[in-house]
Amino acid sequence: MTIAHTLGALSVMTGALLAAQAAQAQDNTFINPDWANSAWYLGAGVGQSRATIDEPRLRASLAANGETVTGFTKDQRDTGYKLFVGRQLNQYFAVEGGYFDLGKFDFKSTTSGNGVLNGQAAFRGVNLDLLGQLPLSQRLSLLGRVGMHYTKTNTEFSGNRLLGSTNTHASERKLNAKLGLGLEYKFSEALALRGEVERYRLNDAVGNRGDADLYSVSLVYKLGRPASATPAYQPAPEVAPVVAMPAPVIVAAPAPVPVAEKVSFASEALFDFDQSTLKPQGKAALDQLLGQLTGMDLEVIVTVGHTDAVGSDAYNQKLSQRRAEAVKAYLVAQGVETSRVYTEGKGETQPVADNTSAAGRAKNRRVTVEVVGTRKVMR
């Protein structure tokens, strides 16, 4: 496959994936961790492949046949591509299989007496890998892979110095190991970009054994993303009003007693994934809370942000503080006195559930709003 065809295929796939994402623009939050950690996915990548041509061995072979090498050039780089399908086993591991083409690598040599020896090797095959993913933040992950590949190698020679070999076209199929490292950045739960370097152990069909590397950029798209649902606001239960019984004498109403009400919002109800800007659904939820405060002499409001344990302590602390500040800013914009609203970021230090499960992490990502004030007595 030529580079133009490869880039064309990748461009078409990129356009299709981005179009699918645009169609889900209103539903592009990270609120389905269970699905994301067990989904099937497709991907395509393209980049530069590099192999090492054993020039000393070829020169020695020519010299052993009485030739003196007068010129030697080699092309050890080409364009490689890969297509793959995978399945997430959990947040940290996936199994991935695919097809790859590392391109062609060639050399041209000239010898005394107008001798010429040219050669070319091409590598393509299939692979099966175990992929490890270590989250560095909620969007960025470190990748590591180990696996096996079954590769067909085609080697061709031409010229008038064929070293006594009559087999100018050699082919071999071989099972070998491969390794890889890279980074993955998630644009959304469904779409991610990878940058990787992979090393393939190879045989060239004429007795040489070496390595080829593929430096690639890939797009990954997870299949079957469920529609997101906006978590409903659940106000704190109201205390049933006390109905005064008729009395023969008029007595003074009891002095109002300060009350404290505390509401916990799931982070996904207020913010998009890894963001601290209130989304429309989040503003609507806070408007409902403000409606509950009608008739209260407000004394103080405390907003506290919390995160799960994914990512570094420092990053989670800053994210929780930014989210608490965003809630305060909106309350002040709606008329609450700024001096009555306090903020605090707790990061991942106060979990309410187990961070080893997706359901537990979802519970830990929250913002609590505590209101202290005095309910006015209706006469």
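## Y92, a nonpolar patch and the packing around it

At a relative accessibility of 38%, Y92 counts as partly exposed, because buried would require under 20% and exposed over 50%. The structure is a predicted model, so please read every value here as computed from that model. Y92 sits in the loop between β3 (77–88) and β4.

**The patch around Y92**

Which residues form a nonpolar patch on the surface? They are L89, Y92, F93, V95, L128, L130, V146 and L179, and together they have about 730 Å² of accessible area. Strands β4 and β5 each contribute at least two residues to the nonpolar patch.

L89 also turns up among the neighbours of N37: leaving aside residues up to four places away in sequence, N37 touches Q88, L89, N90, Q91 and R361. N37 lies in the loop between α2 (33–36) and β1. Is N37 buried or exposed? With 18% relative accessibility, N37 counts as buried, because the cut-off for buried is under 20%.

**The chain as a whole**

It helps to step back for a moment. The protein chain has 379 residues, 41% of which count as buried, and its secondary structure comes to 7 helices and 13 strands. About 19,800 Å² of the protein chain is exposed, with carbon and sulfur atoms supplying 59% of that area. Taking contacts between residues at least 6 apart in sequence, 74% join residues at least 24 apart.

A44 belongs to strand β1 (residues 40–51) and is buried, with a relative accessible area of 5%. Although A44 and V85 are 41 residues apart along the chain, their C-alpha atoms are separated by 8.9 Å.

**Helix α3**

Helix α3 (residues 55–64) has E55, L58 and L62 as its buried residues. These cover an arc of only 65° around the axis, so they lie on the same side of α3. The general rule behind this is friendly to remember: an α-helix has 3.6 residues a turn, so residues three or four places apart point the same way. What do the buried residues of α3 pack against? Their partners are β2 (69–75), β4 (93–111) and β5 (115–135). On the face turned away from the buried side, α3 carries the exposed residues P56 and A64. Just after α3, G66 adopts a positive phi of about 80°.

**Aromatic pairs**

Strands β4 and β5 come back when we look at the rings. A pair of aromatic rings is described by the distance of the centres and the angle of the planes. The structure holds 6 aromatic pairs, and two of them are set out here.

| Pair | Centre to centre | Angle between planes | Type |
|---|---|---|---|
| F100 and Y200 | 4.7 Å | 45° | tilted |
| F105 and F123 | 6.0 Å | 40° | tilted |

The pair of F100 and Y200 links distant parts of the chain, with F100 in strand β4 and Y200 in strand β8 (residues 191–203), 100 residues apart. F100 is buried at a relative accessible area of 0%, and Y200 is buried at 1%.

The pair of F105 and F123 also links distant parts of the chain: F105 is in strand β4 and F123 in strand β5, 18 residues apart. F105 counts as buried at 3% relative accessibility, and F123 counts as buried at 6%. Finally, F72, F107 and F157 form one aromatic cluster.

How values were computed
Residues are numbered from 1 along each chain as its sequence is written. This is a predicted model: local features need pLDDT of at least 70, side-chain atom pairs count only at pLDDT 80 or more; totals for chains, interfaces and linings use all residues. Side-chain values use heavy atoms; hydrogens and water are left out. Helices (H or I, at least four residues) and strands (E, at least two) are DSSP runs, numbered from the N terminus. Buried means under 20% relative accessible area, exposed over 50%, partly exposed in between (1.4 Å probe, protein chains only). The arc is that of the directions from the helix axis to the C-beta atoms. Contact means heavy atoms within 4.5 Å. Accessible areas come from the Shrake-Rupley method with a 1.4 Å probe; for residues, only the protein chains shown count as cover. Patches are made of residues with over 30% relative accessible area and no salt bridge: like charges are joined within 9 Å, nonpolar side chains (Val, Leu, Ile, Met, Phe, Trp, Tyr) within 5 Å. A salt bridge is a side-chain nitrogen of Lys or Arg within 4 Å of a carboxyl oxygen of Asp or Glu. Rings of Phe, Tyr and Trp (its six-membered ring) pair if their centres lie within 6.5 Å; planes under 30 degrees apart count as stacked, over 60 as edge-to-face and the rest as tilted.
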